[in-house]
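Hello,

Here is the structure I promised to pass on to you. Have a look at it first, and then read my notes below.

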Amino acid sequence: MDFADSATTSMTAIRSRSSPSDDVVSPEEHNVTSVSEDHETTCWGCGLRVLVSPHVPAFKCFWCGAITNQNAIKHENQNFRWRRLRDRCFVSILIVFMLIVICGGIWAIYPVVFSAGYIYGGVHILIAIILSISTLSTFSLSAFRSAGAPPNILWGSYPAVTKGALENYRYCEYCSKPKSPRAHHCRSCGMCVLDMDHHCPFIGNCVGAANHRHFVMFLISAIISMVYASIMSAYAAYHVWPPLNSWQVRLLNGAVGQKLLLKMLREIFLAFGSSMLFLPARGLVLVYLFIASVSIEIGLSVLLWQQLCFIYEGKTYLSHISASGGDSTAVKDCQNFSRFFGCPYYTTTRLLPSFFSSKKRHKK
C-alpha cells in the first residue's frame, strides 16, 4: 500500500509541474495521421469487390487469381504506325540486299566453277538454289508471320469466371485485355506476344511462340549458306587472283625470329595489295563476298548458340533476364529440343546412340 501511495503521489507531482504549453499541439503533430482503413476496390478479372490496403501497390484476387496493379496508368501506343512502317521498310531492303548478294555471288563464282566441268557446276548451282530458297523462306516466315498472340479468355464477370481461371494473369494497359504470365507486351509490334523471346530489328518482328522455330531455322540455314559462300568465294578468288610479282616474294636474308615473321607478313601484304590493282570486277566481288560471309556467319553463330542454350534450359531471353529469374519450373533437358522442333521424343531417342537414352546409374 505504501508503494502504491507513493507512486500516485509522484504522478500527481509530475502533472502539477507540467507547464500549460504541454497541452498545446505543435504544428508538426498536425501532419501525423493514423493509417487509414482498408477500402473496397474491384478485381478486373472477375469483377468482385475486394478489401485491400491503399498502400499495397498490387493485390491478388482470392477467387480468380488475377493480379491487379492499383497504381496502373493507362498507356497508349504512340508512334506505333511509324515504328511498324520503319520495320517493314528495313525488312524489305534487307530482302533486296540478300537477293543482290545471291545473284552477285552466282555471277562471280559459277563461271569459275563451271570451267571445271558442267556436272561439277550443276551440282553447286543446285546447292546454291536450295540454300537460297531455304534462307529466304525461313526469313520471310520469321518476319511476316505473327509472333503469337495469347488466346482469348473470358474475364470481367464473376459467374462466368471460375475459381483460379486467371491465376497470375495481369491486365495489359496497352491492349486493355488480360495478359498471361508467359506473355509480354511489345510496343514496337503493338500487341502482347506469347512466350516472347525478343524483338528482332532485322526481321522487323517479335520472336515468339508462333515464329520462334522459323527464326532458329533461319539462323541455321543462314550459317550454312554463309559457310558455303565463304568456301566457294575463296576457291573462285584463288583461281581469279592474278599471279604475284616475283620481285616481291624474295629471300629474307638476315631476319630471324620475330623479325622474320613480321617481314614475311609485310611482304605477303605488299604482294597481295599490289596484285589487287589488277583484279577484275569479279575478283573484287569475290573479296567482298568472302569478308561479308565470314563476318555474318560469326555473328549468327553466336546468336544461334545463345538461342540453343535457352531452348535447352526451357527458357526465353526475356525470362532469362527477368528479375524473377525466369520460369522456376523450367528444366534443363534434351527433350526441350524435341518439343521445340516438333519431333517426337521416342523417335529422337531411337536415332541417338544408346548412351544418350540410357539412365544414369549412381553407385552408393
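In the hairpin of β1 and β2, G47 takes a positive phi near 80 degrees, and 6 residues lie between the two strands. Please keep in mind that this is a predicted model.

The strands themselves are easy to find: β1 covers residues 39-42, and β2 covers residues 49-52. They pair in the antiparallel sense, with 4 bridges between them. One pair to look up is E40 with its bridge partner L51 in β2. L51 belongs to the uncovered face of β2, together with R49, while V50 and V52 make up the covered face.

Next, go to helix α4, which spans residues 118-144. Two of its residues make a nice contrast: I119 and S142.

Is I119 buried or exposed? I119 has a relative accessible area of 70%, and since exposed means over 50%, it counts as exposed. I119 also joins V123 and I127 in a nonpolar patch on the surface. Together, these three residues have about 280 Å² of accessible area.

S142 is another story. Its relative accessible area is 0%, so S142 is buried, the cut-off being under 20%. What is S142 in contact with, leaving aside its neighbours within four places in sequence? The contacts are I203, N205, N211, H214, F215 and F218.

If you have time, start with the hairpin and then follow the helix.

Best wishes

Technical notes
Residues are numbered from 1 along each chain as its sequence is written. This is a predicted model: local features need pLDDT of at least 70, side-chain atom pairs count only at pLDDT 80 or more; totals for chains, interfaces and linings use all residues. Side-chain values use heavy atoms; hydrogens and water are left out. Patches are made of residues with over 30% relative accessible area and no salt bridge: like charges are joined within 9 Å, nonpolar side chains (Val, Leu, Ile, Met, Phe, Trp, Tyr) within 5 Å. Accessible areas come from the Shrake-Rupley method with a 1.4 Å probe; for residues, only the protein chains shown count as cover. A salt bridge is a side-chain nitrogen of Lys or Arg within 4 Å of a carboxyl oxygen of Asp or Glu. Buried means under 20% relative accessible area, exposed over 50%, partly exposed in between (1.4 Å probe, protein chains only). Two strands pair if DSSP finds at least two bridges between them. Contact means heavy atoms within 4.5 Å.
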